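Please look over the sequence and the structure below. The report that follows takes its features one at a time.

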2 protein chains.
Amino acid sequence: MSERDSERSISQTVRAQLALRDMILSGQLRPGERISELQAVEITSVSRTPVRLALVRLEDEGLLQAIPSGGFMVKAFTERDILDSIELRGTLEGLAARFAAERGASARSLEPLKECLADLDQLVRQDPVSVEAFSAYVTMNARFHALLTELSASPPLIRQIDRVSALPFASPSGFVMAQSALPEAHQILLIGQDHHRIVVDAIENREGARAEAIMREHSRLAARNLRLALRNRTHLDLLPALARLQSPAE
Amino acid sequence: MSERDSERSISQTVRAQLALRDMILSGQLRPGERISELQAVEITSVSRTPVRLALVRLEDEGLLQAIPSGGFMVKAFTERDILDSIELRGTLEGLAARFAAERGASARSLEPLKECLADLDQLVRQDPVSVEAFSAYVTMNARFHALLTELSASPPLIRQIDRVSALPFASPSGFVMAQSALPEAHQILLIGQDHHRIVVDAIENREGARAEAIMREHSRLAARNLRLALRNRTHLDLLPALARLQSPAE
DNA sequence: TGAATTCAGGATGTATACATAAATAGCCTT
DNA sequence: AAGGCTATTTATGTATACATCCTGAATTCA
């Protein structure tokens, strides 16, 4: 096999899923394009059974769309779709923050979140921010959002947030890298980090409404980044799937 | 085949999915119970390939849970899980209502919603409400919520709401029938219908915040119904899957 | 010349056989 | 007698062969 040793133990289904996802997100498979099982078999070098399972999983991940007569095609997204997905994530994260506040997250459970906050502070402090720092920020930011989500202590909600965030352009860190090339970069980072600070404070003080509101607003920072990136056409190569968005239906 | 003619044309996968879902919701398959593929094959009389697809679909529908070592088990829900799912649906429907209001749903597109509202009015008017009227209410209420969701004109949001509502105990009409046996039945119905009226009014007047708030509150009526039904142990046979809820983990 | 029909190619849907990994029960050892 | 190891059984993971349906192109008829 040409795969690395670390990938030898995972199932063919997962392998196919990863390979196909990469090809979709990298733009090698274009939106609207039908993707036949045999084609997927050739791409992934596994047989039809695991390929089919991978396709089904990618469908409910939201990257593929079922064709009524059978089979799948690569899903096409409009700019509006992406903005709505971001708003959707913000709403769900807002609910998570409110749950965390209302249900009284213990000081102990808030500890990791605060540590994460401090780490982010370190990264944001430098000006200008290096590319490496941006990359580290993406990782740490994802961790912050994951910790916050778990603080809701609500399995159904966590599940939904994970589902929405699975789409890379709706995920909390989806456009942070795209923003790195913008002149407003550092400013946006500082504002985002202030949101983080506020939500932790609100949860600590049991201010549910405030915690919810700030997370909603926080997601709109991502929406702003997306719009800026699209207008400036900067760093779109970081998310090739967005290179050519579908125009609205009508 | 022993199936009815109307079911002869649908795929084996869907048939298996329906059969298994019924057995889960009717309580014949108990929460926590492992459900092997061969067992599912015996139940559904189809081969392993479509059975496996059905199991995967039921997993991301939320009724099954994947076992790390492979295979699936029937998911167990706590009362808290269900209440959270209801709150989650309310939040999403609130967002849908706000979208509809902010984006200016046309008078033309509001028409079906208003008709539905009038039909519901007719049903609610009688006192006491007959069981048939309750049943009709369930259908019409589901239609109202579906129309409202679509009014958001946001495919990603519609998708998420459909996903959440797929769990019968989180769906808009999940506990309406359970409520029919309660003395407070008619009163609750009237209040719910008033919520419906308000959300339509709010959307029409472009009052986004109001539309959102009332849909959130509206979902808490379902939460109230659930609690009442559980306390009174009334009509739990209508949702046998709830007959014995899992106790919280700790 | 246009449209409809038929035929061919290829796609998905399904069943099953085989490989491999996990779980369990029994036996052996300590 | 208790614990661990091994063997057996049963589960899932995978590949492939077969059946059926859809799709598209070519040909024929009006």
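## A three-stranded sheet

In this predicted model, strand 2 and strand 3 (residues 72-74) of chain A are joined by three bridges. The two strands run antiparallel. Within this pairing, A:Gln65 faces A:Met73 of strand 3 of chain A.

Both strands belong to an open sheet of three strands in chain A. Its order is 1-3-2, and the pairing is antiparallel. Strand 1 (34-35) and strand 2 (64-66) of chain A are at the edges. Each has a single partner strand, so one side of each has no neighbour in the sheet.

## The surface near DNA strand D

Around DNA strand D there are 17 residues. Those that come nearest are A:Gln12, A:Ser47, A:Thr49, B:Arg48 and B:Arg52. Which parts of the DNA strand do the protein atoms approach? Of the atoms of DNA strand D that come within 4 Å of the protein, 58% belong to sugar and phosphate.

Both protein chains supply helices here. From chain A come helix 1 (12-25) and helix 3 (48-61). From chain B come helix 2 (37-44) and helix 3 (48-61). Each of these helices gives at least two residues to the surface near DNA strand D. Helix 3 of chain A gives the most, with three residues. By type, the surface has nine polar residues, five charged and three nonpolar.

## Polar contacts to the DNA

Some side chains of chain A approach the phosphates. A polar side-chain atom of A:Ser47 is 2.8 Å from a phosphate oxygen of DNA strand D. For A:Ser69, a side-chain N or O atom is 3.2 Å from a phosphate oxygen of this strand.

A:Thr49 reaches a base instead. An N or O atom in the side chain of A:Thr49 lies 2.7 Å from a base nitrogen of DNA strand D.

## Salt bridges within chain A

Side chains of opposite charge can pair when their charged atoms come close. How many salt bridges does the whole structure hold over all chains? The search finds 38.

One of them joins the side chains of A:Glu37 and A:Arg52, at 2.9 Å from N to O. A:Glu37 is in helix 2 (residues 37-44) of chain A and A:Arg52 is in helix 3 of chain A, so the pair ties together parts 15 residues apart in sequence. A:Glu37 is buried, at 15% relative accessible area. A:Arg52 is partly exposed, at 30%.

Another joins the side chains of A:Arg231 and A:Glu79, at 3.3 Å from N to O. A:Arg231 belongs to helix 10 (residues 208-232) of chain A and A:Glu79 to helix 4 (residues 79-102) of chain A, so this pair ties together parts 152 residues apart in sequence. Is A:Arg231 buried or exposed? A:Arg231 is exposed, with a relative accessible area of 54%. A:Glu79 is partly exposed, at 23%.

## A pair in chain B, and a network

In chain B, the side chains of B:Arg89 and B:Glu93 form a salt bridge, at 3.1 Å from N to O. Both residues are in helix 4 (residues 79-102) of chain B. They sit four residues apart, about one turn of the helix. B:Arg89 and B:Glu93 are both buried.

Salt bridges can also share partners, and one network here is built that way. Its members from chain A are A:Glu87, A:Arg216, A:Glu217 and A:Arg220. From chain B come B:Arg98, B:Glu102 and B:Glu212.

Key
Residues numbered from 1 in each chain as written. Chains lettered and ligands numbered in written order. Predicted model: local features only at pLDDT ≥ 70, side-chain atom pairs only at ≥ 80, totals over all residues. Heavy atoms only, no water. Near = heavy atom within 4 Å. Polar contact = N/O pair within 3.5 Å; in protein donor to acceptor, adjacent residues only side chain to side chain. Nonpolar A, V, L, I, M, F, W, Y, C, P; charged D, E, K, R; others polar. Salt bridge = Lys/Arg side-chain N within 4 Å of Asp/Glu carboxyl O. Buried < 20%, exposed > 50% of the residue type's maximum accessible area, 1.4 Å probe, protein only. Pairing = 2+ DSSP bridges.
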